[in-house]
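Got your viewer open and a selection box ready? Let's take a walk through this one, stop by stop.

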Amino acid sequence: MTARMDNRFAALKAEGRPALITYFMGGDPDFETSLNIMKALPEAGADVIELGMPFSDPMADGPAIQMAGQRALKGGQTLSKTLELAKKFREGDNETPIVMMGYYNPIYVYGVEKFLDDAISAGIDGLIVVDLPPEMDDELCIPALAKGINFIRLATPTTDDKRLPAVLKNTSGFVYYVSMNGITGSALPDPSLVSGAVNRIKGHTKLPVCVGFGVKTADHARAIGAAADGVVVGSAIVAQIAGSLTKDGAAGPDTVASVSTLVRGLATGVRAARLVAAE
Amino acid sequence: MNQTPQPNSFRSGPDEDGRFGIFGGRFVAETLMPLILDLQGEWEKAKTDAAFQKELADLGAHYIGRPSPLYFAERLTAYLGGAKIYFKREELNHTGSHKINNCIGQILLAKRMGKTRIIAETGAGQHGVASATVAARFGFPCVVYMGATDVERQAPNVFRMKLLGAEVRPVTAGNGTLKDAMNEALRDWVTNVDDTYYLIGTAAGPHPYPEMVRDFQAVIGTEAREQILEAEGRLPDVVIAAVGGGSNAIGIFHPFLDDQGVKIVGVEAGGRGLQGEEHCASITAGSPGVLHGNRTYLLQDHDGQILEGHSISAGLDYPGIGPEHSWLHSIGRVEYVPIMDQEALDAFQVLTRLEGIIPALEPSHALAEVIKRAPKMGKDEIILMNLSGRGDKDIFTVGKILGMEL
Ligand SMILES: Cc1ncc(COP(=O)(O)O)c(C=O)c1O
């Protein structure tokens, strides 16, 4: 739907490798630092950016992302500041797709129409809203599609073949396959199970299928990327940020650099993914 | 209320998507969606299954001790000098509160669905105790999530749960109260989808929980309606209950909703006052939002972040309210009012001394509203109050506040 998203996946296809999709929490640990992290991601090898919107009650997230959200909220982050972050990033990068990810309530309270308008002007390409399943499409998905913003849906191991068509119906941009039943930050599942699931979903859609949950290292990224069109890394990045902070939770001297280093490693993983697959 | 068009019946909700007007719904992660659809299917079947209903009724009679008595509070009535006051004595149920009505119903569903593990969240610990009890009775392992703050202030119930064989997992996120326990229970459920049944303790959460819990608790109002007709030959003028998530309240309200002459009042926790953030009056001082699977009134800031709230009573310490209450408020059928910590404490002592009944701090809020209203009503008028639980669990909290040596 948005040119940035389609162009990026088309280019990756031509290149013959999966996308590296990196998640971080907007405003963690503060606005300026997270803007610098965001700016550093494409250069380190991120192909798509997932921009986390902090929420007080992240029901599907493990401790790493829960704490990132709490740090951001404590630092004064709000939904309008997260939009502002994207806008600032866009001043220097008009190619990397940005997907905002979070929970519905802050958007609902902001106002759906106003949020979508502001997201478009901030250069947002897609939305992932954890607590809006297809049964709730009238809330945000349909209005977003009408305005030209991708609505990226999560498919999970509990999404069986009967349910998949409903889940895929209004999905656009890409499909995010959550590789296990559980919260973010859990252990990596068996890559062979993941490739079976990806193929099952591909039987139902032409959209790129990206896989997340549990990917932490370049090796993981390579293994998961062998079957998927994209690999999502979240908790590992967020944990890297947490580990770089000072005792009182402020940005440390190498917060941005340490994220870059981690992402550079992950980028080598996705670049090696298909080589292994071809062996 | 004003021009809001009134429905033919106030008892027909929710619609098939779980909506009560704009409230309710199914705002859950995709992982959970197939599970709540399964549960809904099973619940639809159980509703009309005579064998299920019979088992429920038998356990109600012989395990819970239903019907619970309707009691005319003679001395309290004389003391207040106005309306006649009746209590629906849910505090006499097995385990000491109304929570067991819902737990028996849901454990039978869990059994039908072939689940092998029970999880629950709890605030006051009454739902945790009731869950641990039915888990013991039906032979399920049970994990109860409880905010760390509540573990401390409801210590007797923590001990009871452990005796019953449940594992109590303290939750330290947030303020360590009911909302945080519910988040953690949802995280457990998302992780253990195959074998686990999530036994929600109040009329909230995603559809079908608000409807299902209401239906299991409606036995309170159904019995009370018959009992008051028998005792007085007429319906009460006012029905009053305390509202945390809203299960005891909807349970007694629902059978009276279409009785036009019956005024219905829900009592929210006013905590230390509505000016700041130290209360749990979601309807009186909150606004609509989406949390824990449904749209409802919430305590939240301008950015949609949920506030922690405060109440002296752990069972009312929740920043939301069941979606059906939000709807009943929006159409003006039920009036919601706040009662402060201190008023509830005073009411607790009044009842203890005048009637020899130690109420839980939750229904003490409803009682404080009764104490306000009764003197202004005629002696021929009737108030029915849901005495949802007994106060054994609260004696240490109250003792500490009153400065008594324990
Ligand atoms: C005795 C008692 N009453 C009321 C409540 C509040 O819950 P609900 O609003 O679901 O009835 C609780 C909750 O723990 C309770 O223990």
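Start by selecting Glu139(A) and Arg295(B): the two form a salt bridge, and their closest N and O atoms are 2.5 Å apart. Bear in mind as you go that this is a predicted model.

**Stop 1: the interface of chains A and B**

Keep that pair on screen and bring up the rest of the interface. The rule finds four salt bridges across the interface of chain B and chain A. It also turns up 17 residue pairs in polar contact there, with both partners at pLDDT 80 or more.

Which elements of chain B should you colour on the side that touches chain A? Try S2, helix H1 (33-47), helix H8 (178-191), strand S11 (287-291) and strand S12 (293-298), since each of these supplies at least two residues to that side of chain B. If you can only pick one, go for H8(B): with six residues, H8(B) gives the largest share of the side of chain B that touches chain A.

Now show the contacts from both sides: 35 residues of chain A are in contact with 34 residues of chain B. People often express the size of an interface as the accessible area that is lost when the parts come together. For chain B and chain A the buried area is about 2800 Å², and 54% of it is on carbon and sulfur atoms.

**Stop 2: rings across the chains**

Next, turn on the aromatic side chains. Over all chains, the structure holds 13 aromatic pairs. Zoom in on Tyr104(A) and Phe27(B): their ring centres are 5.9 Å apart and the planes are at 10°, so this pair is stacked. Tyr104(A) belongs to helix H5 (residues 104-110) of chain A, while Phe27(B) is in strand S2 (residues 23-27) of chain B, so the pair joins two chains.

Are these two rings buried or exposed? Tyr104(A) counts as buried, at 1% relative accessibility, and Phe27(B) is buried with a relative accessible area of 1%. Add Tyr108(A) to the selection and you have one aromatic cluster, made up of Tyr104(A), Tyr108(A) and Phe27(B).

**Stop 3: a tilted pair in chain B**

Move on to Phe72(B) and Tyr86(B). Here the ring centres are 5.3 Å apart with the planes at 40°, so the pair is tilted. Phe72(B) is in strand S3 (residues 70-72) of chain B and Tyr86(B) in strand S4 (residues 84-89) of chain B; the two are 14 residues apart, and the pair links distant parts of the chain. Check a surface view as well: Phe72(B) is partly exposed, with a relative accessible area of 26%, whereas Tyr86(B) counts as buried at 6% relative accessibility.

What sits over the ring of Phe72(B)? Select Lys84(B): its charged end is there, 5.3 Å from the ring centre. For another charge over a ring, jump to Arg333(B), which lies over the face of Phe10(B) at 5.9 Å from the ring centre.

**Stop 4: more charges**

Side chains of opposite charge can pair when their charged atoms come close. A search of the whole structure gives 50 salt bridges over all chains.

Select Asp125(A) and Arg90(A), which form a salt bridge with the closest N and O atoms 2.9 Å apart. Asp125(A) is in the loop between helix H6 (112-122) and strand S4 (126-129) of chain A, and Arg90(A) is in helix H4 (residues 79-90) of chain A, so the pair ties together parts that are 35 residues apart in sequence. Both Asp125(A) and Arg90(A) are buried.

Then hop to Arg153(B) and Asp150(B), whose side chains meet in a salt bridge at 2.9 Å, N to O. Both lie in helix H6 (residues 148-153) of chain B, three residues apart, or about one turn of the helix. Arg153(B) is buried with a relative accessible area of 19%, and Asp150(B) is buried at 0%.

**Last stop: helix H13 of chain B**

Finish by selecting residues 323-330 of chain B, helix H13. Six of the eight residues of this helix are buried, so H13(B) is largely enclosed by the rest of the structure. Which ones are buried? Pro323(B), Glu324(B), His325(B), Ser326(B), Trp327(B) and Leu328(B). Following H13(B) comes Gly332(B), with a positive phi near 80°.

Definitions and conventions
Residues are numbered from 1 along each chain as its sequence is written. Chains are lettered from A and ligands numbered from 1 in the order in which they are written. This is a predicted model: local features need pLDDT of at least 70, side-chain atom pairs count only at pLDDT 80 or more; totals for chains, interfaces and linings use all residues. Side-chain values use heavy atoms; hydrogens and water are left out. Rings of Phe, Tyr and Trp (its six-membered ring) pair if their centres lie within 6.5 Å; planes under 30 degrees apart count as stacked, over 60 as edge-to-face and the rest as tilted. Helices (H or I, at least four residues) and strands (E, at least two) are DSSP runs, numbered from the N terminus. Buried means under 20% relative accessible area, exposed over 50%, partly exposed in between (1.4 Å probe, protein chains only). A charge sits over a ring if NZ of Lys or CZ of Arg is within 6 Å of the ring centre and within 35 degrees of the ring normal. Contact means heavy atoms within 4.5 Å. Buried area is the accessible area (1.4 Å probe) that two parts lose on being put together, summed over both. A polar contact is a pair of N or O atoms within 3.5 Å; within protein, one must be able to donate a hydrogen and the other to accept it, and residues adjacent in sequence count only if both atoms are side-chain atoms.
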